[in-house]
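This report describes one protein chain from its coordinates. The topics are overall composition, cysteines, a helix, a surface patch and salt bridges.

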Amino acid sequence: MGSLFRSEEMALCQLFLQSEAAYACVSELGELGLVQFRDLNPDVNAFQRKFVNEVRRCDEMERKLRYLEKEIKKDGIPMLDTGESPEAPQPREMIDLEATFEKLENELREVNQNAEALKRNFLELTELKHILRKTQVFFDEQEGGANQTTESMTRALITDEARTAGASMGPVQLGFVAGVILRERLPPFERMLWRACRGNVFLRQAMIETPLEDPTNGDQVHKSVFIIFFQGDQLKTRVKKICEGFRATLYPCPEAPADRREMAMGVMTRIEDLNTVLGQTQDHRHRVLVAAAKNLKNWFVKVRKIKAIYHTLNLFNLDVTQKCLIAECWVPLLDIETIQLALRRGTERSGSSVPPILNRMQTFENPPTYNRTNKFTKAFQALIDAYGVASYREMNPAPYTIITFPFLFAVMFGDLGHGAIMALFGLWMIRKEKGLAAQKTDNEIWNIFFGGRYIIFLMGVFSMYTGLIYNDIFSKSLNIFGSHWQMSYNKSTVMENKYLQLSPKDDYEGTPYPFGMDPIWQVAGSNKIIFHNAYKMKISIIFGVIHMVFGVVMSWHNHTYFRNRISMIYEFIPQLVFLLLLFFYMVLLMFIKWIKFAATNPKPYSEACAPSILITFIDMVLFNKPKDPVRDCHVYMFWGQHFVQVLFVLLALGCIPIMLLAKPMLIMQARKLANEEVQPIAGASSDAETGGVSNGGPHGGGGPHEEEEEMSEIFIHQSIHTIEYVLGSVSHTASYLRLWALSLAHAQLAEVLWTMVLSIGLKQEGWFGGVILTCVFAFWAILTVGILVLMEGLSAFLHTLRLHWVEFQSKFYKGQGYAFQPFSFDAIIENGSAATEVE
């Protein structure tokens, strides 16, 4: 089979590069993204490798670019992103890039430091301006009440001893300090002053209405002006210490009105000058950032590519002549010529005259698993890899999942309206994928939805198809072809008799509805649930058994590809026979019952004679004969049924010891013969007979070179595998009944929303009824999208995922490989610098 159904064939190659051409060759391979290099220096410390200095230089350049990016984002400047990926610069261009980044960083830091100093000066002048304005009321000597206020303040702050001494020495002068403090610190500041100074200070404060900018972080802060009156140097020292503790800023404030006016005029002049200088500084900073924003994305790409190249070169070995680098790498076998062309281009770019050498090596290691994907198959492959990466050259379930996954989802989510909503959402993301992909976001939920846009679209389309089959659109039916049932009762009988039912013998025309279900079932009342219950339960089992049989058939392709003859004969055949003779036979009984029994048929094939499939299957497994039949009815559905059922059960039971013992005993016999002949068993088929599996396949690439497993472990492993398969066949068949359960639940929930929400608005009349209907419809639409589409869709998605991981893939898929992770610039740039960090 082709690479679509299996992982690519891989080859381990040895690469010889000239030292002067190594950088250019690795750069070309990074653009190609098809080579996974191995670390040939696992015991060498990361800081002792050859190109560690270059990696450090790249780290330093990335640091400078992140600083520039932070400053650009702070100013809200858009960064130019052309979507193009520039080539990795030559090593000699690193010096120019370093010089450019150094110049930009130094210039920007100098501008920021100057701007911060200017802003700090501007803040101080602004606070001083507010102090001079707010404290004017305390120093205005011209107003009549000012002297009285000062005298009362003086009397309040002077003690009795001071008054006695002051009477002989003249009037007492009060000292004061003025400053600015954060508004939230003012209440504790006032309490501390009162307690520390024992009430011998007088504090007045006024709020600054406009917020001020903090020059250190640019935040807007609210502050208040305060002035404190006191007497004596001791209180002055104490007050200043308290101001310092609360980080209040003190400013000089003259006592004379003329000095205050002169200072205020000087402050205003300096503020105007500072505004001019600050504007020029901000303009210069903006110009520097705008120029850097035009090239920042490309600079990031260039630096990350350089860093990735040197990080990869650190994985290589240096030969004894110091002129050649040796590497080992996994490459897809089909792309070797493309890789050689890339190496040739890199050699020509570097000007080297010695061509690189790419040799294929023989190895016993398991190669990595590489499944080629595109934007359509990538999401489906991710679903498979989430369970486990396929073993090398193992059958890949992803191509089949493209059909089976949305189909099984649609069986549970079958509704034409809900499917249309989901399909339109997926189609919108597909049509806008270029623009949406360019808008990178950290929202994980959106990234999941966008990554699975093709899955969402297919699930919606398949749900529309199954919705047509169920004839269900928002819990209502479409009457496209007209009902094939005719009512033989009059109108009064229909309206009065709640228990009236249509007779399939008398009221049915005999020809089925052309496509899907007849719309008459929508008004069938309780019969609707009974009919849907039987119908959906049976199709769930039918789809489940077919799905499991297909999984077992897939295991045959694994056995034949790896030439594992024992597993092919003594595992695949008994497993398939066991599944077909029991569960596929039950599916055949369902079709026989549908074909042979009908309400219009005479006995013994009338509807009353139709046997229960479940009871028939239980009697078959227990070797019980059916009970006495209904009068004029046959016991069996076809001639010789009892003999066939007994034979099928015996053959199925006989498959169990074959699955359990045949493979371990044959392996034990083969080992015994090998020991007697005292020679190794050669060949891929003999390797399989001794219990090994050649994961490399017949096309080379090497298989695992392991010691023989002990026979006791082989018997235990085979026992577990057999018990798991036999019991799992029963439980997995029952597990597919979730298709029936979720389909019924989804249909009933949609009907409940219609009956209990939307129908209320539809019953209203008049203009007021239109308003009610609009509100009710909006509420119904929100519930439909939120519950039936999102929540029910997520539930059906998870159940479908379980059916594929457990019931389907367990039949053939081991998932014990490891993913192919090539050296790719696209992946490194997408994931940022994390992929190229030095370990």
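## Terms and model

A residue is called buried when its relative accessible area is under 20%, exposed when it is over 50%, and partly exposed in between, with a 1.4 Å probe and protein chains only. The model is predicted, so local features need pLDDT of at least 70 and side-chain atom pairs count only at pLDDT 80 or more, while totals for chains, interfaces and linings use all residues. Residues are numbered from 1 along each chain as its sequence is written, and side-chain values use heavy atoms, with hydrogens and water left out.

## Overall composition

The chain has 839 residues, and buried residues make up 44% of them. Its secondary structure comes to 27 helices and 11 strands; these are DSSP runs numbered from the N terminus, with helices being H or I of at least four residues and strands being E of at least two.

About 45500 Å² of the chain is exposed, and carbon and sulfur atoms supply 58% of that area. Accessible areas come from the Shrake-Rupley method with a 1.4 Å probe, and for residues only the protein chains shown count as cover. Of the contacts between residues at least 6 apart in sequence, 82% join residues at least 24 apart, a contact being heavy atoms within 4.5 Å.

## Cysteines

The structure holds one disulfide, defined as a pair of cysteine sulfur atoms within 2.5 Å. The partners are Cys 609 and Cys 633, with sulfur atoms 1.8 Å apart. This pair links distant parts of the chain, 24 residues apart: Cys 609 is in the loop between α20 (565-596) and α21 (613-622), and Cys 633 is in the loop between α21 and α22 (641-677). The link is left-handed, with -60° about the S-S bond, and both cysteines are buried.

Why is Cys 329 not bonded to Cys 13? The sulfur of Cys 13 is the closest cysteine sulfur to that of Cys 329, but at 5.5 Å it is too far for a bond. Cys 329 is buried, at 1% relative accessibility. Cys 655 is also buried, with a relative accessible area of 7%.

## Helix α9

Helix α9 covers residues 257-293, which is 37 residues, and spans 52 Å from its first C-alpha to its last, close to the expected 54 Å. The expected span is 1.5 Å times one less than the number of residues.

The buried residues of α9 include Val 267, Ile 271, Leu 274, Leu 278 and Thr 281, and also Arg 260 and Arg 285. In general, an α-helix has 3.6 residues a turn, so residues three or four places apart point the same way.

## Nonpolar patch and Leu 749

A nonpolar surface patch is formed by Ile 421, Phe 425, Trp 428, Ile 445, Phe 449, Val 785, Leu 790 and Met 791, with about 720 Å² of accessible area together. Two or more of its residues come from each of α14 (416-431), α16 (444-451) and α26 (766-808). Patches are made of residues with over 30% relative accessible area and no salt bridge; like charges are joined within 9 Å and nonpolar side chains (Val, Leu, Ile, Met, Phe, Trp, Tyr) within 5 Å. Leu 790, in helix α26, is partly exposed at 47% relative accessibility.

Leu 749 is in helix α25 (residues 738-762) and is partly exposed, at 29%. Leaving aside neighbours within four places in sequence, Leu 749 is in contact with Ile 787, Leu 788 and Glu 792. The C-alpha atoms of Leu 749 and Thr 784 are 9.6 Å apart, with their positions 35 residues apart along the chain.

## Salt bridges

There are 28 salt bridges, each a side-chain nitrogen of Lys or Arg within 4 Å of a carboxyl oxygen of Asp or Glu. Glu 28 pairs with Arg 349, the closest N and O atoms being 2.9 Å apart. Glu 28 is in helix α1 (residues 19-32) and Arg 349 in helix α11 (residues 336-350), 321 residues apart. Glu 28 is buried at 10%, whereas Arg 349 is partly exposed at 31%.

Asp 59 and Lys 307 meet at 2.7 Å, N to O. Asp 59 lies in helix α2 (residues 52-74) and Lys 307 in helix α10 (residues 296-313), so the pair ties together parts 248 residues apart in sequence. Asp 59 is partly exposed at 31%, and Lys 307 is buried at 3%. Arg 63 and Glu 105 form a salt bridge of 3.1 Å, N to O, between helix α2 and helix α3 (residues 93-134), 42 residues apart. Arg 63 is partly exposed at 30%, and Glu 105 is buried at 5%. Shared partners join Asp 59, Glu 62, Arg 304 and Lys 307 into one network of salt bridges.
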